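Good morning, and thank you for coming. Today I shall speak about one molecular structure, and I ask you to keep both the sequence and the model in view as I proceed.

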Amino acid sequence: MKLLARSLVITLIFVAGVSTASAQMTKDGTFDFTICFTGSSKVIDFDEQHVAFAWVDEKGFARSHPPGGAFDMMWFRCVGSGGVIEGKRPVDDYCELADQDGDKVFVIHRIVTDLSTNTRDSKVEILAGTGKYTGIRGTGESQSPLIFPEEDPDLYARCVRLNGDYKIS
């Protein structure tokens, strides 16, 4: 119940006072947006050095910085997997973002964290689009996520900021 309340508060913070009209994107430019999402996961906790997890129902929304920028007010869904494998934590998200017109963008978000040094390497790839996003490609990175406390180990809520460049050919 607390997770649902947190998700509602996050949604209200991001949506309050902002128009829901989709911004018209230029053919090339930058993106800088925060995605907030919730989902459930399944975990194989073999030992401290070997943990695997996956999710199939991650859903959320994007808000651009500043509002009205690229990918603002898009809803998304993701599937993915990750783990802790001998000192590294790789995580892969495969996401579909959709605007209010139903036009979509396919994005891969990869993060690898070295747990011994707490260093993080992230990569965002925009690979495809439909409708007004047909021909889109892009690359970028993500910032460390804002992680909300979890009462249930199978449920989570996060916000992550993504930024980079895109081009629609």
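Cys 36 and Cys 159 form a disulfide in this predicted model, and their sulfur atoms lie 2.0 Å apart. For those new to the term, a disulfide is a covalent bond between the sulfur atoms of two cysteines. The pair links distant parts of the chain, for Cys 36 belongs to strand E1 and Cys 159 to strand E9, residues 155-168, with 123 residues separating them. The angle about the S-S bond of Cys 36 and Cys 159 is 110°, and the link is right-handed.

Are these two cysteines buried or exposed? Cys 36 has a relative accessibility of 2%, so it counts as buried. Cys 159 is likewise buried, at 8%. The cut-off used here for buried is under 20% relative accessible area.

How many disulfides does a search of the whole structure find? The search gives two. The other joins Cys 78 to Cys 95, again with 2.0 Å from S to S. Cys 78 lies in strand E3 and Cys 95 in strand E4, so this bond ties together parts that are 17 residues apart in sequence. This link of Cys 78 and Cys 95 is right-handed, with 110° about the S-S bond. Cys 78 is buried at 4% relative accessible area, and Cys 95 is buried at 7%. If one counts the bonded cysteines along the chain, the disulfides follow the pattern 1-4, 2-3.

Let us now turn to the strands that carry the second bond. Strand E3, residues 75-85, and strand E4, residues 88-98, pair in the antiparallel sense over nine bridges. Within this pairing, Gly 80 of E3 stands opposite Asp 93 in E4. The hairpin of E3 and E4 has two residues between the strands, and there Glu 86 takes a positive phi near 45°. E3 also runs antiparallel to strand E2, residues 50-64, and ten bridges join the two. In that pairing, Ile 85 in E3 is the bridge partner of His 50.

Finally, I come to the cavities. The structure holds two of 30 Å³ or more, and the largest contains about 100 Å³ of space. Which residues line this largest cavity? Both Cys 78 and Cys 95 are among them, as are Asp 93, Phe 33 and Leu 162. Strands E1, E3, E4 and E5 each supply at least two residues of the lining. By type, the lining divides into nine nonpolar residues, one polar and two charged.

Terms used:
Residues are numbered from 1 along each chain as its sequence is written. This is a predicted model: local features need pLDDT of at least 70, side-chain atom pairs count only at pLDDT 80 or more; totals for chains, interfaces and linings use all residues. Side-chain values use heavy atoms; hydrogens and water are left out. Two strands pair if DSSP finds at least two bridges between them. Helices (H or I, at least four residues) and strands (E, at least two) are DSSP runs, numbered from the N terminus. On a 1 Å grid over the protein atoms alone, a cavity is a set of points where a 1.4 Å probe fits but cannot get out, and a pocket is an open set with protein on both sides within 12 Å along at least five of seven lines; lining residues have an atom within 4 Å of a point. Grid points are joined across faces, edges and corners, and a volume is the space filled by probe spheres set on the points. Ala, Val, Leu, Ile, Met, Phe, Trp, Tyr, Cys and Pro count as nonpolar, Asp, Glu, Lys and Arg as charged, and the others, Gly among them, as polar. A disulfide is a pair of cysteine sulfur atoms within 2.5 Å. Buried means under 20% relative accessible area, exposed over 50%, partly exposed in between (1.4 Å probe, protein chains only).
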